[in-house]
Amino acid sequence: MPLNVAQKLIKDHLVSGEMKPGEEIGLKIDQTLTQDATGTMVMLELEAMGIDKVKTEVSAQYVDHNLIQDDHRNPDDHLFLRSAAQKFGVHYSMPGNGVSHPVHMQELSIPGKTLLGSDSHTCANGCMGMLAMGAGGIDVTMAMAGEPYYIEMPRIMGVKLTGEMPDWVSAKDVILEMLRRHTVNGGVGRIIEYYGPGLDDLSAMDRHVIANMGAELGATTSVFPADNEVKRFMETQGREDEWVELKADEGAEYDDHEEINLSELVPLIAKPTSPDNVVPVEEIAGEEIYQSYIGSSANPGYRDFAVAAEIVKGKQIATGISFDINPTSRLLLQQLVDNKHIASLLSSGARLHQAGCNGCIGMGQAPATDQNSLRTTPRNFPGRSGTKEDKVFLCSPETAAASALTGVITDPRTLNMEYPEIPEAAAIKTNKMLEDPPEDTSDIEIVKGPNVSTIPDFDPIEDSFDMPVMLKMGDNISTDEILAGGSRVLPFRSNIPKISTFVFEGVDDTYTERAEGKRDSGGHMVVAGNNYGQGSSREHAALAPRYLGLKVVLAKDFARIHLQNLINFGILPLTFEDPADHEKIDEGDVIEFRNVHQAIQDGNTFKVKLKDSGEEITVKHSMTKRHLDLMLTGGIINWAKQRQ
């Protein structure tokens, strides 16, 4: 039977289950990626499990999120991560080397391999013909320990690309068009595979942009073939000997179909506060802006910065505009300097920041109150920028640069200039960005600063209990809203008691105090709508609420990664059999759960009762036998300890 690229990748790594959509499958993981906002917990989990050395072919730890060093916490954690990486046999990328996803693409990505990362945008490396997926940190920990990674076999959506992109349209517009058509949950339960003659118009870094924001579609991952363009890219990195061709077989089929004619695309923009709130730029042109921001893993390539530099070359940006340039790697910054693009940007009035995630995760460059911010970043969830009531738009580098010049949202096609042609940057020699782990790790001591705490112990969920509803929410609650990133919160990523004080603060700033009051008397639950937990893979969004006593989440449905994170930390994830029952529950209600242990093992549905009214509601779960084992032991750490 002819296979597509995604099916080939899965088949080559399948260790359990069958390749039938909806069936649980186990996959061998070749490579892992961790970054500092999530990697601290991964390293603590490896230590807690007594792991001596990782079992993967390659694992890499990047420092790209928490770069602001305004006290001891971040630099202490950088030392902790480096020492832990050396101890466990992991490559290490120091602060300033750049964003994990493009650096991994440059240094370590290999077609045909699997990659699991504790960052939801790990899927970016699907541009290289890899099966690259984001997951919660504890799942990455298990993969580093040699365990398979388990998912439901996704449906494969084939997206045929035809035509050629017009001037002033780029890869960001391709993925924004996908979001316009399919929304933030249109990729749930799917792998998106791009194919067709339009691929000839997309460089490897263009494909990175598209694969990266597959996370915003809710997709398991996105994949591209490993064709001659991937080979050419690897040659520029001096790694051509690691290239292998990986293409779909002639006659390969897909479960779902989509087609995009690149020739018909126009510059697009996502309005606040969701990546799928997409309209043509010309529709909202003229709105004033405060900030224009270029960079992040969603626009990390040389071309993305060079085209902006050429647009503003010899000109001045509009008065009062903050034009923020966030290089994505040390190598890229050197190329931009060598080709005079940094000089053009700075001369126009741009602000240059260090290579890293920076403002994408609310780590600096926050916009002013009630001011429009244009960004080439992947997400514009409420408050993610660091400003609580932010107004963030997502767009291409072309639109961002054009708008910086005019001071208003501007369709770049209306600039009175020819579209810049950007030649390929010459390969340059640079020091290797990843530090190799030592062969002998026996004498290495892990360095822990005073902000590094141990992982709390959690008991299994009780069999029968009454559970107060602490919070009721609507649709599309993101992990940024459950537990924010940014410079206030992320420095406490290795201190669970402290980071828990920020839980749900953007939804209800009384939640933490109320939850703490219930923690010693049985805990609490929350109720939500569709797509609960979309966005970042950060497991803190499950771990910190669990520390505060969260025992049950009842929602209409869950985002993939957050659902697994809830199970991993022993939080019971339930959905409504009838979504209309969401309206029957109010904040403050108490729900009776009886004989839960048997109920969740006997089937996928059972009844719970509203204590005051006596009305029964049918709830269900999608947990597998393996998930139930985790739940009934109190989470994956307890489960792993019992196996030793």
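**Exercise 1.** With which residue does Arg379 form a salt bridge, and how far apart are the closest N and O atoms?

*Solution.* The model is predicted: local features need pLDDT of at least 70, side-chain atom pairs count only at pLDDT 80 or more, and totals for chains, interfaces and linings use all residues. Residues are numbered from 1 along each chain as its sequence is written, and side-chain values use heavy atoms, with hydrogens and water left out.

Step 1. A salt bridge requires a side-chain nitrogen of Lys or Arg within 4 Å of a carboxyl oxygen of Asp or Glu. Arg379 pairs in this way with Glu216, with 2.5 Å between the closest N and O atoms.

Step 2. Arg379 belongs to the loop between β18 and β19, and Glu216 to the loop between α7 (204-212) and β11 (221-223), so the pair ties together parts that are 163 residues apart in sequence. Helices (H or I, at least four residues) and strands (E, at least two) are DSSP runs, numbered from the N terminus.

Step 3. Both Arg379 and Glu216 are buried. Buried denotes under 20% relative accessible area, exposed over 50%, and partly exposed the range in between (1.4 Å probe, protein chains only).

**Exercise 2.** Locate Thr377 and describe its surroundings.

*Solution.* Step 1. Thr377 occupies the loop between β18 (372-375) and β19 (391-394).

Step 2. Thr377 counts as buried because its relative accessibility is 1%.

Step 3. Contact means heavy atoms within 4.5 Å. Leaving aside neighbours within four places in sequence, the residues in contact with Thr377 include Lys172, Met213, Tyr293 and Cys360.

**Exercise 3.** Compare the placement of two further salt bridges.

*Solution.* Step 1. The structure holds 38 salt bridges. One of them joins the side chains of Arg181 and Glu258 at 2.8 Å, N to O.

Step 2. Arg181 is in helix α6 (residues 171-182) and Glu258 in strand β12 (residues 256-261); the pair therefore ties together parts that are 77 residues apart in sequence. Arg181 is partly exposed at 32% relative accessible area, whereas Glu258 is buried at 17%.

Step 3. Asp629 and Lys625 also form a salt bridge, with the closest N and O atoms 3.0 Å apart. Both residues lie in helix α21 (residues 625-633), 4 residues apart, about one turn of the helix. Asp629 is partly exposed at 30% relative accessibility, and Lys625 is exposed at 59%.

Step 4. Elsewhere, salt bridges with shared partners join Lys28, Asp30, Glu57 and Lys113 into one network.

**Exercise 4.** Which residues other than glycine have a positive phi, and is each buried or exposed?

*Solution.* Step 1. Lys340 is one of them, with phi near 70 degrees. Lys340 sits in the loop between α11 (330-338) and α12 (341-348), and its relative accessibility of 57% makes it exposed.

Step 2. Gln365, likewise not a glycine, has a positive phi of about 60 degrees. Gln365 is placed in the loop between β17 (351-352) and β18, and its relative accessible area of 16% makes it buried.

**Exercise 5.** Identify the cis peptide bond that precedes Thr273.

*Solution.* Step 1. The bond runs from Pro272 to Thr273, with omega near 0 degrees.

Step 2. Thr273 is part of the loop between β13 (268-270) and β14 (278-280).
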